[in-house]
Amino acid sequence: MSPGGGRLYAVALADRPLVPEDWVRRIHDVLGDLPRCEQESAWTGTRWRIGSSTVAHVFGGEDHLFRITFRGELDEVIAFEHLGAPYFRSSWGANVIGMLLDEDTDWDELAEMLVDSYCLQAPEHLAAQVERPA
């Protein structure tokens, strides 16, 4: 099929590894109890949303590395981008922070950033119900 055809697209997605289920569960343990934050399948991987706003998206890349993207304040995005690996700046969205996931991931730090992401994406009255990390 042509580059826009479904068959080639499906093959490309098949080359992406599935995120380990225990990683998805760890992320869900952070986001799943937040008001109206819903887990769903994304075009690849899994995402958590509040309404139509994405809070976090975890997926395997064609390079077989695992990534998660989430929202941050603009100054945080710039700071994380300058830190380098495992952080990266996404090519879409000015407030998107990306992070490579592997066996060395600091899951406590990631949990704090995911709660912050939720609070940035959620309506103010819902974000106010969440205890944010210090």
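Me: Helices (H or I, at least four residues) and strands (E, at least two) are DSSP runs, numbered from the N terminus. With that settled, in which loop is the place of P86?
Reply: First, this is a predicted model, where local features need pLDDT of at least 70, side-chain atom pairs count only at pLDDT 80 or more, and totals for chains, interfaces and linings use all residues. Residues are numbered from 1 along each chain as its sequence is written, and side-chain values use heavy atoms, leaving out hydrogens and water. The peptide bond running from A85 to P86 is cis, with omega near 15°. P86 sits in the loop between helix 3 (74–83) and strand 5 (87–89).

Me: Which residue in the loop between helix 2 and strand 1 has a positive phi?
Reply: The loop in question leads from helix 2 to strand 1 (37–41). Its residue with phi near 60° isn't a glycine. That's R36.

Me: How does helix 2 lie relative to helix 4?
Reply: Their axes (lines fitted to C-alpha atoms over the stretch in contact, with angles from 0 to 180 degrees between N-to-C directions) come within 9 Å and cross at roughly 50°, for residues 21–31 and 107–121. Under 35 degrees counts as roughly parallel, over 145 as roughly antiparallel, 65 to 115 as roughly perpendicular and the rest as oblique. So helix 2 is, relative to helix 4, oblique.

Me: How many charged residues are in the contact of helix 2 with helix 4?
Reply: In contact (heavy atoms within 4.5 Å), W23, R26, I27, V30 and L31 of helix 2 meet W107, A111, L114, V115 and Y118 of helix 4. Ala, Val, Leu, Ile, Met, Phe, Trp, Tyr, Cys and Pro count as nonpolar, Asp, Glu, Lys and Arg as charged, and the others, Gly among them, as polar. The split is 9 nonpolar, no polar and, for charged, 1.
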